[in-house]
Amino acid sequence: MRPTIDEYFMNIAEVVATRSTCLRNHVGAVIVRDKRIISTGYNGAPRNLEHCLDIGCIRNQENIESGTMHEVCRAVHAEQNAIIQAALHGVSTKGATIYCTHQPCVLCAKMIINANIVRVVFEQTYPDLHALEFFTEADIETVKMGQKGTDESRIVC
């Protein structure tokens with residue numbers, strides 16, 4: 001069967017996530033405007049720094065619970081990398097949709113809001129309810145995809 005447009009771009013986000021160098025979560029993000037990919041990103045160490053795959057995970061070593069203390073992490077998040085790549089190449093994210101394999105954290109939510117992205121589609125939940133609250137407050141449409149790409153729940157602001 002032909003995938004829906006959301007399934008199509010989420011499938012691409014899942015492929016992007018295979019490049020992740022994080023030991024905890026492999027996350028991919030794809031920013032789309034007018035049904036065209038404008039940027040992608042996956043989670044991993046900043047340019048020219050060693051990856052967690054090679055040297056270990058600070059968060060694991062310090063027993064940091066998922067969804068907390070986001071600043072204690074070697075990796076740049078997938079959503080952040082996608083926004084940074086768009087900026088580096090002079091591509092506006094205004095009015096775009098971001099497809100994420102995982103629900104964005106509150107730090108990424110703030111970046112998504114300021115990048116003028118208007119829609120967030122994700123598959124896996126993440127233990128950070130503040131991000132969803134921020135999206136609601138900022139009137140950003142948020143869609144959680146369920147099994148086989150169906151909308152499990154939809155929050156429309």
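A residue is called buried if its relative accessible area is under 20%, exposed if over 50%, and partly exposed in between (1.4 Å probe, protein chains only). By that criterion, 46% of the 157 residues of the chain are buried. The model is a predicted one, in which local features need pLDDT of at least 70 and side-chain atom pairs count only at pLDDT 80 or more, whereas totals for chains, interfaces and linings use all residues. Residues are numbered from 1 along each chain as its sequence is written, and side-chain values use heavy atoms, with hydrogens and water left out.

**Whole chain**

Display the chain as a cartoon: six helices and six strands appear. These are DSSP runs (helices: H or I, at least four residues; strands: E, at least two), numbered from the N terminus. Traced from the N terminus, the order of elements is α-β-β-α-α-α-β-α-β-α-β-β. The radius of gyration is 15 Å, close to the 15 Å given by the globule rule for 157 residues, so the chain is as compact as a globular protein of that length. That radius is taken over C-alpha atoms, and the rule is 2.2 Å times the number of residues to the power 0.38. Reduce the view to the C-alpha trace, which spans about 40 × 35 × 30 Å along its principal axes.

Contacts (heavy atoms within 4.5 Å) come next. Among those between residues at least 6 apart in sequence, 53% join residues at least 24 apart.

**Surface and charge**

Switch to a surface view. The chain exposes about 8,800 Å², of which carbon and sulfur atoms supply 51%; the area comes from the Shrake-Rupley method with a 1.4 Å probe.

Then select Lys and Arg as positive and Asp and Glu as negative, leaving His and the chain ends uncounted. There are 15 positive and 18 negative side chains, and the centres of the two sets lie 7 Å apart. Each charge is placed at NZ of Lys, CZ of Arg, CG of Asp or CD of Glu.

**Aromatic cluster**

Finally, select Tyr8, Phe9 and Tyr99, which form one aromatic cluster. Rings of Phe, Tyr and Trp (its six-membered ring) pair if their centres lie within 6.5 Å; planes under 30 degrees apart are stacked, over 60 edge-to-face, and the rest tilted. The structure holds two such pairs. Tyr8 and Phe9 meet edge-to-face, 4.9 Å centre to centre with 65° between the planes. Tyr8 is partly exposed because its relative accessibility is 41%, while Phe9, at 2%, is buried.

Phe9 and Tyr99 form a tilted pair, 5.5 Å centre to centre with 35° between the planes. This pair links distant parts of the chain: Phe9 belongs to helix H1 (residues 5–17) and Tyr99 to strand E3 (residues 97–102), 90 residues apart. Tyr99 counts as buried because its relative accessibility is 4%.
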